[in-house]
Amino acid sequence: MRKKLSEHFALSEFIAESERELFKSHNLYPLWEARLRVLAHELEVIRTHIGGPIIVTSGWRSPVRNKAVGGSRTSGHMTGWAADFQRPGWDARRLFDLVKSLGKRGLVTYDQLIGYPAHVHLSVDARSRMEAWTV
Ligand SMILES: [Zn+2]
């Protein structure tokens, strides 16, 4: 069954297929899922403002996978607090600018927003520092 985190986002979209068993069998599963739900809520707001679908390219990652894809050692991807995403048909800079503007207007809350060449990274942990930069 497709477990929903929010109206338009399913849990499976945030976990690579090869890691789903690992995710579900871990004792932190309920905590990670709750965090991904917070993340999905922010993505829903973004989705509403861009008027179309968002593709999550990477959500939760095991430490092994995080290392393999070159993620930071303290990456929010390992705690369920972060996701990378794209808007089909938009370049990532346009998406970054939009999310940043939603943050300035108080519509989206994040800890860190990072604009990469091909995707936007959003983390939502409780610090909510509203830091935004491009690389
Ligand atoms: Zn990321």
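Start by selecting helix 2, residues 29–50 (helices here are DSSP runs of H or I of at least four residues, strands are runs of E of at least two, and both are numbered from the N terminus): at 1.5 Å a residue its 22 residues should span 32 Å, and the end C-alpha atoms, 31 Å apart, agree with that, the expected span being 1.5 Å times one less than the number of residues. The model is a predicted one, in which local features need pLDDT of at least 70 and side-chain atom pairs count only at pLDDT 80 or more, whereas totals for chains, interfaces and linings use all residues. Residues are numbered from 1 along each chain as its sequence is written, and side-chain values use heavy atoms, with hydrogens and water left out.

Step next to G51, just after helix 2, where phi is positive at about 70°.

Now select L98, which sits in helix 4 (residues 92–104) and counts as buried at 18% relative accessibility (buried is under 20% relative accessible area, exposed over 50%, and partly exposed in between, with a 1.4 Å probe and protein chains only). Leaving aside neighbours within four places in sequence, L98 is in contact with I46, H49, I50 and W90, where contact means heavy atoms within 4.5 Å. The C-alpha atoms of L98 and H49 are separated by 8.5 Å, although their positions lie 49 residues apart along the chain.

Staying in helix 4, show R93 and D97, which are four residues apart, about one turn of the helix, and form a salt bridge whose closest N and O atoms are 3.1 Å apart (a side-chain nitrogen of Lys or Arg within 4 Å of a carboxyl oxygen of Asp or Glu).

For another salt bridge, select R127 and D111, with closest N and O atoms 3.7 Å apart. R127 lies in the loop between strand 4 and strand 5, and D111 in the loop between helix 4 and strand 3, so the pair ties together parts that are 16 residues apart in sequence. R127 is exposed at 54%, while D111 is buried at 1%. Adding D125, R129 and E131 to the selection displays a network of salt bridges that links them with D111 and R127.

Finish at the zinc ion, which is coordinated by H77 (NE2), D84 (OD) and H121 (ND1) at 2.0 to 2.1 Å; donors are N, O and S atoms within 2.8 Å of the metal (3.2 Å for Na, K and Ca), and water is not among the atoms, so sites may look incomplete. Both D84 and H121 are buried.
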